[in-house]
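Dear colleague,

Please find below the structure that I am handing over to you, together with its sequence. My findings follow after it.

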Amino acid sequence: MRRQHKVLLLSVSIASAAFVMIAGAEPVAAAFARAKRVIAWDLAALAKPPVIHATTERPAKGMRAFFYEGADYKGKPTWVF
């Protein structure tokens, strides 16, 4: 069998197998519509800017230093420089 025939036969076989798999499967859009979306973060809280506290620590020419309130760690508040 010539190389061209082998390539054509292989292509037809792959296309047929893909068609059989797709024909029996649920459409992707329907599967996504049925899926329940779960968001791990509180988006409303993340959209709010953090409270900022000015500081004179670590002065640098042309820059302002500040702390902002970070996430609690072991039940205690944290500040991020």
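I begin with a single residue, Phe-67, because its relative accessibility of 16% makes it count as buried, the cut-off being under 20%. Please bear in mind throughout that this is a predicted model.

Aromatic pairs

Phe-67 belongs to an aromatic cluster that it forms with Trp-79 and Phe-81. The structure holds two aromatic pairs. In one of them, the ring centres of Phe-67 and Trp-79 lie 5.7 Å apart and the ring planes stand at 45°, so this pair is classed as tilted. Phe-67 is part of strand 2 (residues 66–69) and Trp-79 is part of strand 3 (residues 79–80), so the pair ties together parts of the chain that are twelve residues apart in sequence. Trp-79 has a relative accessibility of 48% and therefore counts as partly exposed.

Phe-67 also pairs with Phe-81: the ring centres are 5.2 Å apart and the planes are at 65°, so the arrangement is edge-to-face. Here strand 2, which holds Phe-67, is tied to the segment after strand 3, where Phe-81 lies, so the parts joined are 14 residues apart in sequence.

Surroundings of Thr-55

Thr-55 is located in the loop between strand 1 (52–54) and strand 2. Leaving aside residues up to four places away in sequence, Thr-55 touches Ala-65, Phe-66, Phe-67 and Phe-81. Two members of the aromatic cluster, Phe-67 and Phe-81, are thus among the residues that Thr-55 contacts. The side chain of Thr-55 also reaches the backbone nitrogen of Glu-57, at a distance of 3.1 Å.

Positive phi values

Arg-58 is likewise in the loop between strand 1 and strand 2. The phi angle of Arg-58 is near 50°, which is a positive value in a residue other than glycine. With 67% relative accessibility, Arg-58 counts as exposed.

Lys-74 is placed in the loop between strand 2 and strand 3. For Lys-74, a residue other than glycine, phi is again positive, near 50°. Its relative accessibility of 71% means that Lys-74 counts as exposed.

Nonpolar surface patch

Which residues form a nonpolar patch on the surface? They are Ile-39, Trp-41, Leu-43 and Leu-46, and together they have about 470 Å² of accessible area. Within this patch, Trp-41 sits in the loop between helix 2 (28–34) and helix 3 (43–47). Trp-41 counts as exposed, because its relative accessibility is 62% and the cut-off is over 50%.

The chain as a whole

The secondary structure consists of three helices and three strands. Followed along the sequence, these elements give the pattern α-α-α-β-β-β. Of the 81 residues in the chain, 4% are buried. The accessible surface of the chain amounts to about 8100 Å², and carbon and sulfur atoms account for 65% of that area. Among contacts in the chain with a separation of 6 or more, 8% are between residues 24 or more positions apart.

In summary, the aromatic cluster consists of Phe-67, Trp-79 and Phe-81, while Ile-39, Trp-41, Leu-43 and Leu-46 make up a nonpolar patch on the surface.

With kind regards

Terms used
Residues are numbered from 1 along each chain as its sequence is written. This is a predicted model: local features need pLDDT of at least 70, side-chain atom pairs count only at pLDDT 80 or more; totals for chains, interfaces and linings use all residues. Side-chain values use heavy atoms; hydrogens and water are left out. Patches are made of residues with over 30% relative accessible area and no salt bridge: like charges are joined within 9 Å, nonpolar side chains (Val, Leu, Ile, Met, Phe, Trp, Tyr) within 5 Å. Accessible areas come from the Shrake-Rupley method with a 1.4 Å probe; for residues, only the protein chains shown count as cover. A salt bridge is a side-chain nitrogen of Lys or Arg within 4 Å of a carboxyl oxygen of Asp or Glu. Helices (H or I, at least four residues) and strands (E, at least two) are DSSP runs, numbered from the N terminus. Buried means under 20% relative accessible area, exposed over 50%, partly exposed in between (1.4 Å probe, protein chains only). Rings of Phe, Tyr and Trp (its six-membered ring) pair if their centres lie within 6.5 Å; planes under 30 degrees apart count as stacked, over 60 as edge-to-face and the rest as tilted. A polar contact is a pair of N or O atoms within 3.5 Å; within protein, one must be able to donate a hydrogen and the other to accept it, and residues adjacent in sequence count only if both atoms are side-chain atoms. Contact means heavy atoms within 4.5 Å.
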